[in-house]
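The following note is offered to a colleague reviewing this model. It is confined to the overall composition of the chain and to one sheet.

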Amino acid sequence: MSRDRSNKRVARGSTLYSGKASELKKRRLERLTSKTEREKNNKYIKPATNPIILKKIPDEQTIDVIVNFLSKNGIQIKDYKRNYIIRRLRARVTRKSFSTYREYYNLLTKDKDELEILKKSLSINVTRFFRNKDTFAFVRKEVLPKVVEKAKNNKIHIWSAGSAVGAEAYSISMMMSDLTQNYTIQGSDIKDELLELARGALYDTGYIAEMTNAEKNKYFDSLDSKTVKVKPSIKNKVSFNKLDLLKDKYPKNMDIIFCRNVLIYFERSSQKKIIDGFVNSLKPGGFLVLGRTESIFSIKTLPSLTSFDGRHRVYRKKDF
Ligand SMILES: C[S@@+](CC[C@H](N)C(=O)[O-])C[C@H]1O[C@@H](n2cnc3c(N)ncnc32)[C@H](O)[C@@H]1O
């Protein structure tokens, strides 16, 4: 995250590092240098002098301890897939040249910088406009016209759940604006800092790499060579609010829900809870669009949902 000339926050890069400039510089150095002076002088825990290869089998007990410790420090990952957590932890343990997760845990409890680095490495913010272009093209051609036709003169309600910095919600608004003005889009995320960026609608040009020049000119104002702003007519149709998909109440009467690249991080029981919530949230005949690597594992257990397109992971609630 950085600021443009008018001192507004700009989403930079498709993986976000947020914080003060001085902290960002410090973290960047941390990422670039294999053994920083700080590491060498770390007064708490010295890396093993002759580190043995980290055991392939993770130390489950210590991983539980770390997950609980993170949860007490405001980092809620209990519902994330175990393998995802282990992969991220293993990368940090290896990076620190420890041979056990326990040593790494000891460091984590004492070193706030490391806690911050782990928090970033566990976060899942990657997004961009029209991510998986062909899915958006499919939705534009096969889904949106059906929704517009069915709505007649009623307002169309769309939800981008897990919206990160808002690129997905605004991409949908761009497509909808070509069909009708009678729509509203709600983006939601669990993270305040992402919601703030989404509301600002300022982006680094890296976020729009998948768009043609004609599309860029149509939907964005260019602020400088690196920064674009979503045009007011597109932006004004979208609002953002904080919503934890595992705890909070879902909005009702949705015509379409996009929840892309969010479910993959969760364990099955949590995925099921979220999908059940979406089914309740959709109007009869409403659509659910998931990410390209996500699917509803057992459509048989959800009799009110049908697969509309397997390749693009589009589902439809039956219209009884
Ligand atoms: C990888 S991004 C996906 C962004 C966008 N949907 C896309 O596909 O480009 C996943 C987003 O889900 C959000 N998220 C993670 N856990 C969540 C939860 N329990 N409730 C709501 N959002 C959550 C993250 O903060 C992150 O912004």
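1. The sheet. In this predicted model, three strands make up an open sheet in the order β5-β7-β6, and their pairing is antiparallel. The edges are occupied by β5 (202–204) and β6; each has a single partner strand, so one side of each is left without a neighbour in the sheet. From one strand to the next, the twist averages 35 degrees.

2. The hairpin. Strands β6 and β7 form a hairpin, with two residues between them. The pairing of β6 (residues 220–224) with β7 (residues 227–230) is antiparallel and extends over four bridges.

3. Register of the pairing. Which residue of β7 is the bridge partner of Ser222? The partner is Val228. For Asp221, the bridge partner in β7 is Lys229. These two pairs may be used to check the register of the hairpin by eye. As general background, side chains in a regular strand alternate between the two faces of the sheet.

4. The chain as a whole. The secondary structure comprises 12 helices and 12 strands. The chain has 320 residues, of which 31% count as buried.

5. Contacts along the sequence. Considering contacts between residues at least 6 apart in sequence, 73% join residues at least 24 apart. The hairpin of β6 and β7, with its two intervening residues, may be read alongside this figure as a local element of the chain.

How values were computed
Residues numbered from 1 in each chain as written. Predicted model: local features only at pLDDT ≥ 70, side-chain atom pairs only at ≥ 80, totals over all residues. Buried ≥ 20, exposed ≤ 12 C-beta atoms within 10 Å, placed from the backbone. Contact = placed C-beta atoms within 7 Å. Pairing = 2+ DSSP bridges. Axes fitted to C-alpha atoms, helices over the stretch in contact; angles between N-to-C directions.
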